[in-house]
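Biologist: Could you take me through this model? I would like to begin with the overall picture and then go into details.

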Amino acid sequence: MFFDQTFINNLRSRVSIADVVSTFVRLRPKGKGEFTGLCPFHQEKTPSFTVSDAKGFYHCFGCGVHGDVIKFVMEQRGLSYPEAIKDLAAQAGLALPKFSKESVQQQKRIDDSYEVMELAAKWFESNLHQTNAIEARRYLKERGLTEETIKKFRIGFAPDNRDSLNSYLKNEGVVQNLILANGLVGEAEGTRQIYDRFRGRIIFPIFDSGGKVIAFGGRILDNTKEVAKYLNSSETDLFKKSYVLYGYNFARDKAYKKEQIIIVEGYMDVIAMHQAGFDNTVAPLGTAVTEFHMQHLWKICKDPVFCLDGDNAGLRASKKTAENYIAILEPGYSMKFAFLKEQKDPDEVIKVKGVKAMENIINSATNLADFIWEQSLRDANPTTPEKKAEFAENLFEIAKSIKNTTVGRFYQEDFKKRVNDFMYANKKKGSNIIAFPKMNLPPTQVKTSINQDVIESIKEKIIVFSTLYPKIFIDSQKEEFLGNLSSKNKNLENICSLVIEFLSYSSPEGVNYKGFENYLIEKGHDSQLNYLQNTSLKEEFRHCTTEQDINLAWGYLLSEFYLILAEREMDIFFSENKNDDNKFINLQSQINALRKERDYNRRVFEESTSNEI
């Protein structure tokens, strides 16, 4: 069902988000209409979860979750968007509105899609018990799967016929377009002939977080055929592989309780692990782990364990994952790597060595810093001065890529010590052979008016930028940064809050400048809309035509912002006439590093956009 914005706004105004959240979280007041408590989305001992009745949203500074009362009910109770609205409307005593013909039809298509996927799942399941599925049953038996496991994961079979599933669904009254739209059949080019997508395969239903079937994966039985061993559904309205983890619907609650989640490579790995008692295991679906996956995993536990093959391919995949996501580490959040050195997969480890051996592999997983060090050392083989220098520089670049400056600084210090200890083991301990530059965290709160106009100017640029390219702020770190950005200009302050609200209420497809303008119009924020439409600052970033341009512009703005804050701190240092040489040296070093970073970011950004004009 689809609800108009007027009804949604009325619902939010009638329901206290603090009252709803307090049924799940013990909240303590911290100001007028503001509350804090332990985050229900990740394990923590010190409260970093805040709820604002006045602003109507919750936010966790630990794991980055953010949303309104509807999103909270969806996440905590596992409800769909319409189900959450119905639940809240009942609490508020609001009658549900009547729907337009178009909205009803749109919701019906989604409901029908769920129904056709469920029909297909039941058909595949029933086929597993037919005479033509002997080989499929034999394969599952050889893999050691019990009947209980087969039922839990709803494993089925697709006969090797081109029109079996399609005919069945049409006989059940499903229209051809709906079967096509959900990726169950394909259409031959030129002839427009319809054929079943899954044929001669063992079928693994793929579930959403609520346990509804949204897609399928299939393993070929005849290995002599020149086709893919595993085949996933194509992406549909229900299924986006970059947002789905196989087994997540079964593993989520178990992983919360165990404070551990394990990531393996495929369907059978997940199923074997669950059967052996590792019911906190998931796997990506035909894609590498995405940033969305990582953020989702971190909501469950602080150290997800990647359990992959110990061969060269497994090590390369692990290193790529490590280098991709070290950049978005936050204090306390990381990842670990466990490797299957002798056996090919978790199933084989469990069969050959037993559950205890698998448990030992998981519990002895290598932490991220150790893994990056070991793999970098293995790849570099630093035996000559040139290779040693390259090895040290590569490690520094990895540490420098970390966006959180506190985490980045500690990684630089850790790598510096490892390099020096490794290369000069016989030197006097503590000798600074490899000098990694310091990246001290710039101060963010100093009670002074020095350079205030300059600071307000860069804040204005950042806030205007966030309205032009709001999609970049879907990233939890950037959204948190925006949420902590205050301004003396009330219009800018309000715009900043409205961008965060807009991100919470909008689908990813609608997160753009035009969508934000429409949001302001719907909300009646005429003053903020007029300000944005007339500011000349938009011209500075009008040539950002690609995602790369937008990221470069953001890097330039952020480095400029931190440089200004550091320069203000230096002004304060001089104004207070403090005789502290160490502080002066540290501040000057910090400013030099930030200025170099700012100049580099600005040059790269200007070169990129000038090439496109």
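Modeller: The following exchange moves from the whole chain to individual strands, helices and loop residues. Please keep in mind that this is a predicted model.

Biologist: How many helices and strands does the protein chain have?

Modeller: The protein chain has 25 helices and 16 strands.

Biologist: And what share of its residues counts as buried?

Modeller: Of the 613 residues, 49% count as buried. The chain exposes about 31100 Å², and carbon and sulfur atoms supply 48% of that area.

Biologist: What about contacts between residues at least 6 apart in sequence?

Modeller: Among those contacts, 65% join residues at least 24 apart.

Biologist: Let us turn to strand β14. Why is it described as largely enclosed?

Modeller: Strand β14 covers residues 305-309, and 5 of its 5 residues are buried, so the strand is largely enclosed by the rest of the structure. Buried here means under 20% relative accessible area.

Biologist: Which strands pair with β14?

Modeller: Strand β12, residues 262-263, is joined to β14 by 2 bridges, and the two run parallel. Strand β15, residues 336-340, also pairs with β14 in the parallel sense, over 5 bridges.

Biologist: Which residues stand opposite each other there?

Modeller: Between β12 and β14, Ile262 stands opposite Val305. Between β14 and β15, Leu308 stands opposite Phe339.

Biologist: Now the helices. How do α10 and α12 cross?

Modeller: Helix α10 spans residues 248-258 and helix α12 spans residues 291-300. Their axes come within 9 Å and cross at roughly 40°. The two helices are therefore oblique to each other.

Biologist: Which residues make that contact?

Modeller: On α10 they are Tyr248, Ala255 and Tyr256, and on α12 they are His296, Lys299 and Ile300. By class, the contact has 4 nonpolar, 1 polar and 1 charged residues.

Biologist: What lies in the loop between α10 and β12?

Modeller: Glu259 is one of the residues in that loop. Its phi is near 55°, a positive value in a residue other than glycine.

Biologist: Where does Arg154 lie, and what is its phi?

Modeller: Arg154 lies in the loop between α7, residues 147-152, and β6, residues 156-158. Phi of Arg154 is near 55°, again a positive value in a residue other than glycine.

Biologist: Is Arg154 buried or exposed?

Modeller: Arg154 has a relative accessible area of 17%, and the cut-off for buried is under 20%, so Arg154 counts as buried.

How values were computed. Residues are numbered from 1 along each chain as its sequence is written. This is a predicted model: local features need pLDDT of at least 70, side-chain atom pairs count only at pLDDT 80 or more; totals for chains, interfaces and linings use all residues. Side-chain values use heavy atoms; hydrogens and water are left out. Buried means under 20% relative accessible area, exposed over 50%, partly exposed in between (1.4 Å probe, protein chains only). Helices (H or I, at least four residues) and strands (E, at least two) are DSSP runs, numbered from the N terminus. Two strands pair if DSSP finds at least two bridges between them. Contact means heavy atoms within 4.5 Å. Accessible areas come from the Shrake-Rupley method with a 1.4 Å probe; for residues, only the protein chains shown count as cover. Axes are lines fitted to C-alpha atoms, for helices over the stretch in contact, and angles run from 0 to 180 degrees between N-to-C directions. Angles under 35 degrees count as roughly parallel, over 145 as roughly antiparallel, 65 to 115 as roughly perpendicular and the rest as oblique. Ala, Val, Leu, Ile, Met, Phe, Trp, Tyr, Cys and Pro count as nonpolar, Asp, Glu, Lys and Arg as charged, and the others, Gly among them, as polar.
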